[in-house]
Amino acid sequence: MQQKVALAMFAILLLSNIGASASANENVLHPNIVRAMDNADSNTEIEFIVQYRPQLTEQHLQTAEGIGIEVISTFEFIDGFFGKATASQIRDLSRQDDIFWIEHNSQMEYYMQDTTRVINAVETWQTVIIDENEEVIADQANQHTYIDGTGVAAVIIDTGVDAGHPDFDYDEGKTVSYKFDRATRTWIEAENSDTSSGHGTHCAGTVGGNGDASAGSKKGVAPGATLVGMGVGDIAFIDNAVEAFQWVYDNSRPDANPLNIRVTSNSWGSSGSEYDPSNAISQAVFNLQYDNNVVSVFAAGNSGGDGSDLQTNPYSNIPLVIGVAALEHDGSGIAGFSSRGDMTKPQTWPDIGAPGVEIWATAPRATLIDIIQRPTDDSLYYMTIS
């Protein structure tokens, strides 16, 4: 009888040890990957991004592949990779040496929703400001010395850019346009990399369209700047965005930055959480700023809110990022759709507000936004969007 009890106790201990060995190291798992793992069945593959410290090595990749993980793309500048695996395999990976952080490859949203003198935008930009009815309400374009972005390149990480628009002077090199090919994990140059959404084209025109098709009245705020459109797709995931930041990082090194890239514009993200310094996007903008002196600007988000809870895009709250809220056209305050942070947490407030309602900018050809706006905006080359 005692022998049977001893054998039973041994079996219980053995099973408990097996269970313990299969548990994950939750210290390196973002809550979003934990939720994805909990909701997945045993055979479902989950896309994720993992980072290592102090650096990613070939041995780390071999170990991951030995576990059964598919390594899809490596991110050298944040010492990590984008991969696909089952929940069980991700748990195994979390227990390996040198793991810094694992997060789910979540889908993001582009911020486009339904120019004001109060924030001195007219005086700062010293350009033409027009209302939603195309009436000029301020024109200082020729009255002051105007900093117009000449000599600087701005990268628009978005759905792409229809660089064939007259305001982009693609043939003259003012605009460079790339589209990410997810199948080959490469960037392909294309005059029109914004073929179905249109979001990125409007954003690019707001930043640096030269206004050629409107005699200058609808130019962007930095019409002399070189624009680099990075089309990460109509449906944006974290891995696509990190690929774009990797390209910017590689092409803005202090000793190899022929375009003089100095800023990235990002009108996309998620909402409802504080920023996490360990996330891939956080690490990407940290490295881009500290190593290459390139600042990143993010939209605060379109989740609105009354300040009683947190609705802000977490990427806009990264400390060295400039987070921008949308203001009403008449200067009466923040736009109803614009995220504004939690009033009890100053670190979640937008850094600045800028015109964000009924903005005239470049219209993309034959895209979803073009189809929606065309009945109301009777202009071949421009449209108003908030």
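These legends accompany several close-up views of a predicted model.

**View 1. The four-stranded sheet and the helix that packs on it.**
Let's start with an open sheet of four strands, which runs in the order β2-β3-β1-β4 with antiparallel pairing. At its edges are β2 (70–75) and β4 (99–104), and each of these pairs on one side only. From one strand to the next, the twist averages 25 degrees. Helix α4 (residues 87–94) packs on this sheet and touches β1, β3 and β4. The direction of α4 makes about 5 degrees with that of β1. Inside the sheet, strand β1 (residues 46–52) and strand β3 (residues 80–85) are joined in the antiparallel sense over six bridges. To find your way along this pair, look for Q51, whose bridge partner in β3 is G80.

**View 2. The cis peptide bond between R53 and P54.**
Here is a backbone detail that is easy to check in your own viewer. In general, most peptide bonds are trans. R53 and P54, however, are joined by a cis peptide bond, with omega at about 10 degrees. P54 sits in the loop between β1 and α3 (58–67).

**View 3. The three-stranded sheet.**
This open sheet has three strands in the order β12-β5-β14, and the pairing is antiparallel. Why is one side of β12 and of β14 left without a neighbour in the sheet? Both β12 (236–237) and β14 (268–269) stand at the edges and have a single partner strand each, so one side of each has no neighbour there. Strand β5 (residues 107–110) and β14 pair in the antiparallel sense over two bridges. A handy landmark is E109, which stands opposite G269 in β14.

**View 4. Strand β11 and its two parallel partners.**
Strand β11 is mostly covered, with six of its six residues buried. Both of its faces are covered: one side carries T226, V228 and M230, the other L227, G229 and G231, and all of them are buried. Which strands pair with β11 in the parallel sense? Strand β8 (residues 153–158) does so over six bridges, and strand β9 (residues 175–181) over five bridges. For the pairing with β8, follow I157, whose bridge partner in β11 is M230. For the pairing with β9, follow T175, which stands opposite L227 in β11.

**View 5. S214 and A215 in the loop before β11.**
Two residues of the loop between α6 (199–208) and β11 (226–231) are shown here, S214 and A215. Is S214 buried or exposed? Its relative accessibility is 13%, below the 20% cut-off, so S214 counts as buried. A215, by contrast, counts as exposed, at 80% relative accessibility. Leaving aside residues up to four places away in sequence, S214 touches K219 and Y382. A polar atom of the S214 side chain lies 2.9 Å from the backbone nitrogen of K218. S214 and D167 are 47 residues apart in sequence, with a C-alpha to C-alpha separation of 8.8 Å in space. A215 also has a positive phi, about 55 degrees, although it is not a glycine.

**View 6. Helices α7 and α8 side by side.**
The axes of helix α7 (residues 238–250) and helix α8 (residues 280–292) come within 10 Å and cross at roughly 10 degrees. Angles under 35 degrees count as roughly parallel, which makes α7 roughly parallel to α8. On the α7 side, the contact is made by I238, A241, V242, F245, V248 and Y249. From α8, the residues that meet them are A280, I281, A284, V285, N287, L288, D291 and N292. The residues of this contact divide into 11 nonpolar, two polar and one charged.

**View 7. A326 and its surroundings.**
A326 is found in strand β16 (residues 322–327). With a relative accessible area of 13%, A326 is buried. Residues up to four places away in sequence aside, A326 touches I334, A335, F337, S338, A354 and G356. A326 and S386 are 60 residues apart along the chain, and their C-alpha atoms are separated by 8.4 Å.

**View 8. E358 between two strands.**
E358 lies in the loop between β17 (352–355) and β18 (359–362). Most residues other than glycine have a negative phi. E358 is not a glycine, yet its phi is positive, at about 50 degrees. With a relative accessible area of 26%, E358 is partly exposed.

Notes
Residues numbered from 1 in each chain as written. Predicted model: local features only at pLDDT ≥ 70, side-chain atom pairs only at ≥ 80, totals over all residues. Heavy atoms only, no water. Buried < 20%, exposed > 50% of the residue type's maximum accessible area, 1.4 Å probe, protein only. Contact = heavy atoms within 4.5 Å. Polar contact = N/O pair within 3.5 Å; in protein donor to acceptor, adjacent residues only side chain to side chain. Axes fitted to C-alpha atoms, helices over the stretch in contact; angles between N-to-C directions. Parallel < 35°, antiparallel > 145°, perpendicular 65-115°, else oblique. Nonpolar A, V, L, I, M, F, W, Y, C, P; charged D, E, K, R; others polar. Pairing = 2+ DSSP bridges.
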